[in-house]
Amino acid sequence: MWKIPRLEVKAASAVVDVDLIPVFQDGGKKVVPQDGPYRALLERFRKGEGFGARSGQTEFVRFGGQGSSENVLFVGLGQASELTEEKLRQAGAHAWTRLCAEKCPSAAIHLDALLDLPVEGAAADPLLRVRAFAEGLLLGAYRFPKHKSKEAAAASAKTPASLVFVSRKKAIKPKLECDLARVQAVVECVNVARDWSNEPSNIGTPAYFAREAQRLARQFGLKCKVLGEAEAARQKMGLFLGVGQGSAREGKIVVLEYLPRNPARTVAFVGKGITFDSGGISIKPATRMEEMKHDMTGAATVFGATLLAARLKSPNRVVCVMGFTENMPSGDALQPGNVLRSRNGKTVEIINTDAEGRLILADLLDYAQELKPDVCVDAATLTGAIGVALGKHCCGLFSNDDGLEEALGRASRSTGERLWSMPLYDEYFEDMRSETADMKNSCNDSYGGAIRGAIFLKQFVRKGLPWAHLDIATVASNVSHIPYFPKRGASGAIVRTLAQFALDY
Ligand code: BES
Ligand code: MN
Ligand code: ZN
């Protein structure tokens, strides 16, 4: 796992390479530590020009010249009246990028400007402001050097190892320490999901994720059960087994449970864990097929969220069902025209073996419903079509329940991870009827592809259960426009939102 920098809270600036000072556009008076050496420095600096403290802007100043520790990194936050937690997260990530670019081994982050500022609305809580800034900073620090040679890994490790959070308000130190520990837990869980998603499929096999899940579950006190293919067969999970039948690697279903004392409700998460999606016999084009190692990101996302909900001591019981298997062409592979029987008895005609995610999810959803959930949310890199519909700036949300949609919306607004509601009219299922079986897994035209995936899943949700499906295909990786997500590879998106949802539902 990527080692995140050590965090510390101090009352006064220790000896560090750089003092990081947040600056608002409305003038610097409030933001400069009044009795520190930086008042004069900022005064000198303000006489210069260039840096306008716009949101996302940073300015690095070596007041004492090269090699001096009298360095200041000003981080712009825009107009104070327009401040949001998401702007703070993004500013945190910009700050990290600049600290790395300037090769700073350590930094002191002066918080009093953030804490003192009177702000209304989206960023009203001073400690939440600090949390958001720290979260963006640490989320932005992620790298995946695991498979680089030693030298390359060492080079990419030349980043700040220690961050000191400085405030003169001694009274808030305990709360601040507690909040930063929370941020650390959040980022660690997002990074687990990122690491899983980035893992190449020759290492990130179903058995690998089952082992990793068991190891991390043990570490954080969750129950974890692994079902192999024999057990899946006993469970009559014909769709899950059908997808994996062309692979040399055995599929695994991983079931996690976090059980607090006197749980309020039970939240079930279900995740798509296709460790590699070649398309199967309906094989994908070669271009960018390597990105299909990320096709298990739904499972990684619900795993990270479950771990985080447990670490943040959710009042709700959380169960998490992940199906790991590989979609490969071979002499044993599933063929177009085949008919499979699902765990709930419905039969499916396979039109396109590349529409495999919905097949495994159908069996996993049916299994999850045996675990007595009050609500069920699945996450999956299900369709390319969700990107056609929504682009990369939000993730598709499909639900049969307004209250659940609202609850997910609330969670997403607190994390800055956008969800957009998509339709689930039953008429969409008309296209999915089969002559031979109860339904088919895809259609031959490309209308409403993401909705068809979702309406297929809905056939496996029992009456009365609030359920939501998140199509994360385009937000799971290569999200280059969010500064705290890596430009390439796994983003870790939606982990924080699902954990927040599990805490609040
Ligand atoms: N894993 C893919 C969806 C995907 C595409 C994720 C691009 C990330 C980036 C999924 O299994 C798939 O292949 N879906 C097909 C469905 C179609 C055959 C009905 C698709 O989107 O083309
Ligand atoms: Mn596919
Ligand atoms: Zn897939």
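This report walks through a pair of metal sites and a small sheet in a predicted model.

## The manganese site

Let's start with the manganese ion (ligand 2). Its protein contacts come from D277 (OD), D354 (O), D354 (OD) and E356 (OE), at 2.0 to 2.2 Å. Note that D354 shows up with both O and OD. Along the sequence, these donor residues follow the spacing D-x76-D-x1-E.

The geometry here is irregular: six donor atoms surround the manganese ion (ligand 2), and the angles among them run from 70 to 168°. As for how the donors sit in the protein, D354 is partly exposed, at a relative accessible area of 22%, while E356 is buried, at 1%.

## The zinc site

Next up is the zinc ion (ligand 3). On the protein side, K272 (NZ), D277 (OD), D295 (OD) and E356 (OE) supply the donors, 2.0 to 2.4 Å from the metal. Their sequence pattern reads K-x4-D-x17-D-x60-E.

Around the zinc ion (ligand 3), the six donor atoms subtend angles of 79 to 176°, so the arrangement comes out as octahedral. Two of the donors tie distant parts of the chain together: D277 belongs to strand β9 (residues 266-277), whereas D295 lies in the loop between β9 and α10 (297-311), 18 residues apart. D277 counts as buried at 3% relative accessibility, and D295 counts as buried at 4%; the cut-off for that label is under 20%.

## Where the two metals meet

So which residue bridges the manganese ion (ligand 2) and the zinc ion (ligand 3)? That's D277, and the two ions lie 3.1 Å apart. E356 also appears on both donor lists, with OE given for the manganese ion (ligand 2) and for the zinc ion (ligand 3).

## A three-stranded sheet

Away from the metal story, there's an open sheet of three strands, ordered β11-β12-β16, and its pairing is mixed. The edges are taken by β11 (339-341) and β16 (439-440); each has a single partner strand, so one side of each has no neighbour in the sheet.

Strand β12 (residues 347-349) pairs with β16 in the parallel sense, over two bridges. Within this part of the sheet, E349 is found opposite K440 in β16.

Terms used
Residues are numbered from 1 along each chain as its sequence is written. Chains are lettered from A and ligands numbered from 1 in the order in which they are written. This is a predicted model: local features need pLDDT of at least 70, side-chain atom pairs count only at pLDDT 80 or more; totals for chains, interfaces and linings use all residues. Side-chain values use heavy atoms; hydrogens and water are left out. Two strands pair if DSSP finds at least two bridges between them. Helices (H or I, at least four residues) and strands (E, at least two) are DSSP runs, numbered from the N terminus. Donors are N, O and S atoms within 2.8 Å of the metal (3.2 Å for Na, K and Ca); water is not among the atoms, so sites may look incomplete. Four donors count as tetrahedral if all angles lie between 85 and 135 degrees; four count as square planar and six as octahedral if opposite donors are over 155 degrees apart and all others between 65 and 115; anything else is irregular. Buried means under 20% relative accessible area, exposed over 50%, partly exposed in between (1.4 Å probe, protein chains only).
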